[in-house]
Each structure stands twice: as structure tokens, then as C-alpha cells.
Amino acid sequence: MTLLKTRSIYYKDINLIAQPNNLIKSRKEIKKNLSRIFVSPMSAVIGKRFAETALELGLQVCLHRFCDIKEQFELYHTLNCQEYHDRIWVAIGLGDYERFHLLRGKGCNKFLIDAANGYLGSVVSYANTLSKFKVDLVVGNVHSSEGIKLYKSIPNVHIRVGIGNGSGCDTSIMTAINRGQVTELMECSKAAKRHSIGILADGGISTPSDACKALGLGANAIMLGGHFAKAEEAQNVINGEYMFWGSSSHKQQKLSQNVRNHSEGKELNINTKEIKPLRDLVSDLAGGISSAVSYAGFDKWDDFIGNGVFEVKL
């Protein structure tokens, strides 16, 4: 048995502290970078209409893998154009070489390895193999510097940081695996910087405030799923289901015909009164971040990354 001396600190446990700013006269002058916002590859969210709108708004979109290869390819082919090519990622399962080679052969060069446990040797080995084809990769999830080090020799890699905190995730309840988002981002961002690796804060970002904290703590980008499930363009809304479910939920297992003995994912109903156009949800998120950047003393999102000043609540 080992009991670490570190303490889990969550987004709710800290405040961002305002700093002097002589760079701008108004928050409207803040330079945004919406490509720092990733849409998680969730079948409850991602569909043709959602992806088109998200890309038009400037977000990074990860196409989910919970469908036939042909269906995923056709959506990629429909969306892919010179303007959006660098912001479309395709999720693939562990060891799914068939899907990888088909999509890569059609021009896709950005892949997200959709596996919850980034500490598995099989995930590391898979990422190493795919990197030989000179593609960009998103891997994960990890929540410690040791997890970052597993991928330090892989070029063009980005790592999802966060286990157990997702809105559609029951991992912490089922397995006890969890860590405070602040603690994990502080540790992982330092390790990632040493190895020139980009990290995505993934899980637990339910408000613009959480997004601001994640960026200020050192996340190069943020990944959200549940936040976008209430968009008018979200696939669950279009289908009239009004439900958000995790990738490991029983619902997703049944949809994927991959039923296991237990679920580590939630199934959550969506209040129809909270449904908004995606443009409004993104505007709220971007507005909150831009205001935070202004209060923190910067004039652009990019300079704010890892430079927030925080205090822990008593």
C-alpha cells in the first residue's frame, strides 16, 4: 500500500485572481483562438449538422468511431475541405488498423486513439506504431507526469489529461480511479512542457469558469462533450432523444453491439429548456474565457496558457 502526500484539488476549489492589464482598453479586444476548443468524439453529440456548424465556428471536431467504417469515412469526406482539414480528427479504437489505414489512405492525418486508460502498454505500443506513418495523434487518458512520460518519444502527439471526471463518466464510482483536475493539470503541464507535448484538459469542464481555469493551469486546449450535448445541432437533439451518454455506458455498448459485464458511463437526460444553438453555447464559452484572460492581465488566449494566478479556497 502506498499513500501519496499529494492532495487532489478540483476546479471548484480554486479562484482565478485578477491582475493589472495595460494591454487593452476593453475585453472586446481580446484575441480569441477557438481552435483550442475540442469537441469530444461522442455519438450523442457528433453528427453531420453538428460537425459542420462546429467547424464553421472554428472548433476542432473529433468524429466518433461508434459506427461502421464506411459511415465514418463518408462523414469525413463530406466535411473535409482545405479550410477545415487541420481541425478534423477521427477517433479509432485500440488496434483498429483497418479503420486507420482506410482513412489515412483518403487523406486523414489526425487521429484520436479512443481508449480510456492511457497507461496500458498496448495503447503506448499502438501509438508508437501509428506515429511511424507521420500522423498527428491524440492519446490518453492520463493524470500524472508518469503518464506523460510514456509518450515522450512519440512525435506530433497530444495527450488527454483527466480520468474519472467526465460528465458522462462513472469511472470514479466504479473503480475509485480519480484525481483533482487542478492537481493533475499542474503536474502534467510541467511534464508535458519538458517534453514539448501538448495536453488537452478532458473531463469535468461543465462551465466557462472550468474552461478558464484549465487553460490558466497549463492545458493547451480543452475537450468538452456534455457541454455540447444540449446544442440544437447535437445528434441526440436532432434524433429527439434528449439524452447524453458516455462512451462506456450500457446505451453506447448496445448501440455498438459490444456489450460488457459492467458500465463506466452515465446516461443523462437533457432539459429541453436548456437547449440552445451551438453558436450561443460557443459564444458563452468563448466570452467567459476572453473575460478571464482580460482579468488575468493578458490580451490574447494563447499568452494566458499556464500563466493564471490562483488561490485555493478555504
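This predicted model holds 13 salt bridges. Side chains of opposite charge can pair when their charged atoms come close. Below you will meet some of these pairs, then two helices, two cysteines and a few unusual spots in the backbone.

**Salt bridges**

- Let's start with a pair inside a helix: the side chains of Lys48 and Glu52 meet in a salt bridge, with 2.7 Å from N to O.
- Lys48 and Glu52 sit 4 residues apart in helix α1, so about one helical turn separates them.
- An α-helix has 3.6 residues a turn, so residues three or four places apart point the same way.
- Lys48 is partly exposed, with a relative accessible area of 43%, and Glu52 is also partly exposed, at 27%.
- Which parts of the chain does the salt bridge between Asp302 and Arg36 link? In this pair the closest N and O atoms are 2.8 Å apart, and the link runs between helix α12, which holds Asp302, and the loop between β1 and β2, which holds Arg36.
- These two residues are 266 residues apart, so the pair links distant parts of the chain.
- Asp302 is partly exposed at 34% relative accessible area, whereas Arg36 is buried at 18%.
- Another salt bridge brings together the side chains of Asp13 and Lys12, at 3.2 Å from N to O.
- Here Asp13 counts as buried, with 19% relative accessibility, while Lys12 counts as exposed, with 58%.
- Salt bridges can also join up: Arg65, Asp114, Arg160 and Asp202 are linked in a network of them.

**Helix α2 (residues 69-79)**

- Which residues of α2 are buried? They are Ile69, Gln72, Phe73, Leu75, Tyr76 and Leu79.
- Looking down the axis of α2, you would find its buried residues within an arc of 160°, so they line one face of the helix.
- On the other side of α2, Lys70 and His77 are exposed.
- The cover over the buried residues of α2 includes α1 (48-57), β3 (60-63), β4 (88-92) and α3 (97-105).
- At the N-terminal end of α2, Asp68 acts as a cap: one of its side-chain oxygens lies 2.8 Å from the backbone nitrogen of Lys70.

**Helix α11 (residues 278-296)**

- Here is a nice check you can follow: at 1.5 Å a residue, the 19 residues of α11 should span 27 Å, and the end C-alpha atoms are 27 Å apart, which agrees.
- Buried residues in α11 include Leu278, Leu281, Val282, Leu285, Ala286 and Ile289.
- Among the elements that cover the buried residues of α11 are β1 (14-16), β2 (37-39), α1 and α8 (208-217).
- Right after α11 comes Gly297, with a positive phi near 100°.

**Cysteines**

- How many disulfides does the structure hold? The count is 0.
- Cys62 is in no disulfide, and the nearest cysteine sulfur, that of Cys108, is 10 Å away.
- Cys62 counts as buried, at 0% relative accessibility, and Cys108 is buried too, at 2%.

**Unusual backbone spots**

- Gly140 and Asn141 are joined by a cis peptide bond, with omega about 0°; Asn141 is found in strand β6 (residues 136-142).
- Lys134 is a residue other than glycine with a positive phi, near 55°.
- Lys134 lies in the loop between α4 (121-131) and β6, and counts as exposed at 74% relative accessibility.
- Ala176, also not a glycine, has a positive phi near 75°.
- Ala176 is found in the loop between α6 (171-175) and α7 (181-194), and at 64% relative accessibility counts as exposed.

Note on methods. Residues numbered from 1 in each chain as written. Predicted model: local features only at pLDDT ≥ 70, side-chain atom pairs only at ≥ 80, totals over all residues. Heavy atoms only, no water. Disulfide = S-S within 2.5 Å. Buried < 20%, exposed > 50% of the residue type's maximum accessible area, 1.4 Å probe, protein only. Arc of directions from axis to C-beta. Contact = heavy atoms within 4.5 Å. Polar contact = N/O pair within 3.5 Å; in protein donor to acceptor, adjacent residues only side chain to side chain. Expected span 1.5 Å × (residues − 1). Salt bridge = Lys/Arg side-chain N within 4 Å of Asp/Glu carboxyl O.
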